[in-house]
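I set aside this notebook page for a first look at a structure I had not opened before. My plan was to begin with the ligand, then turn to a pocket, and end with a residue whose backbone caught my attention.

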Amino acid sequence: MDYYSLKMRASQHVGEGENSHEQHISGAERIVSRDSVEAVCTAMVRRAMTHSKGDPDFINVKIEKVHESDIQILKSLPVTRIDVETWQEGLEKAFGLITPLMALRQAQGPCDGAKKLKEKLQDLLRETFPMRGAMLYDIATGERLEPDHARGVRATYMDALHSSVVGSCKNHFNEAIVLATKVANAPGMVAEFCVSDDPNYITGYVASKELGYVRIMKMKELGDENGGRIFLFDSRKASAEECIEYLQKKKVLVDVVGRT
Ligand code: WAQ
Ligand code: MG
């Protein structure tokens, strides 16, 4: 069977004269069977036209045929959840899960190392706020490996297997479990850290092959427009090029098995 990749991005013209630029409003991507292409395309356009971030001036829809033999099928990461009282507590839990993965591989002192790494992660997260993609951070050298720091790297060409739903509104969890599963399987990937940039969506997650997908129910203040993703990578395990190639080019369908 042949599949089709569909990608949509919508933007709005803002500012005047020299300061004018296109501001991103909405984006979506799917990999679906031939008979779903039209319906999914319609749903994507609807999503772009009804987005809370504004009315688009520009919508780009790209449709490409994908051969079945080029598709990798992955089983979704196991999902767990952590309930917290406050977003501050949630962030602490997230840092607590991620820093040992960094520390282990950097062979740092147990206490001092953990505190430093937490501060480092906080700084990195702040740096992701204006980015459209994710930061690719090398835990072996402390360097950022995105070719374009302002944009970041984008994981793309992925969808849930057997996803016939063509809803026009975004399901954060469904999209995130697909992305996180692909990312966790990229060469050299250690872990991912994610906070949504949607002001109304405060649940975030940390994920890795070892941790699985850990939903943290509050990770930022309601109304906060800042969010971002950090991909923690280990350059001793793979090259940045092969990791980025996998994230941006490999076609992946994720078999999503249950949720909490
Ligand atoms: N590749 C890399 N980075 C991305 C991508 C992508 N395809 N899409 C978004 N980002 C970056 C970008 O910098 C965004 O600002 C940031 O991640 C957050 O993206 O279990 O909705 O799409 O309920 O706002 C988590 C769900 C939802 C938790 C996360 O992220 C749960 C979410 P958003
Ligand atoms: Mg968002």
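The entries below follow the order in which I looked things up.

**Entry 1: the ligand and its shell.** I kept in mind from the start that this is a predicted model. I looked first at what surrounds ligand 1 and found 25 residues, the closest being Lys170, Asp197, Tyr201, Tyr213 and Arg215. Sorting this shell by class, I noted 13 nonpolar, 6 polar and 6 charged residues. I then asked which elements supply at least two residues of the shell around ligand 1. The list I wrote down has helix H4 (172–184) together with the strands S8 (189–195), S10 (212–216) and S11 (228–233), and the largest share, 4 residues, comes from H4.

**Entry 2: polar atoms at the ligand.** I went on to the distances between polar atoms, and I noted that a polar side-chain atom of serine 196 is 3.0 Å from an oxygen atom of ligand 1. For arginine 154 I found a polar side-chain atom 3.3 Å from a nitrogen atom of the ligand, whereas alanine 134 has a polar backbone atom at 3.3 Å from a ligand nitrogen. I also looked up how far ligand 1 is covered: on its own it has 700 Å² of accessible area, and the protein covers 93% of that.

**Entry 3: the second largest pocket.** I next turned to the second largest pocket, which holds about 220 Å³ of space. It is lined by 13 residues, and those closest to its centre are Trp87, Leu91, Leu125, Phe129 and Asp224. Two or more lining residues come from each of helix H2 (87–106) and helix H3 (110–128). By class, I recorded the lining as 7 nonpolar, 2 polar and 4 charged residues.

**Entry 4: phenylalanine 129.** I followed one of these lining residues further, and found phenylalanine 129 in the loop between H3 and strand S6 (135–138). Its relative accessibility is 29%, so I entered it as partly exposed. Asparagine 226 stands 97 residues away from phenylalanine 129 in sequence, yet their C-alpha atoms are 5.4 Å apart in space.

**Entry 5: tyrosine 157.** Most residues other than glycine have a negative phi. I therefore marked tyrosine 157, which is not a glycine and has a positive phi of about 60°. Is tyrosine 157 buried or exposed? Tyrosine 157 lies in the loop between S6 and strand S7 (158–160), and because its relative accessible area is 9%, I entered it as buried.

How values were computed:
Residues numbered from 1 in each chain as written. Chains lettered and ligands numbered in written order. Predicted model: local features only at pLDDT ≥ 70, side-chain atom pairs only at ≥ 80, totals over all residues. Heavy atoms only, no water. Near = heavy atom within 4 Å. Polar contact = N/O pair within 3.5 Å; in protein donor to acceptor, adjacent residues only side chain to side chain. Areas by Shrake-Rupley, 256 points an atom, 1.4 Å probe, with all protein chains shown as cover. Nonpolar A, V, L, I, M, F, W, Y, C, P; charged D, E, K, R; others polar. 1 Å grid on protein atoms, 1.4 Å probe; cavity = no way out; pocket = protein on both sides within 12 Å on 5 of 7 lines; lining within 4 Å. Points joined across faces, edges and corners; volume = space filled by probe spheres on them. Buried < 20%, exposed > 50% of the residue type's maximum accessible area, 1.4 Å probe, protein only.
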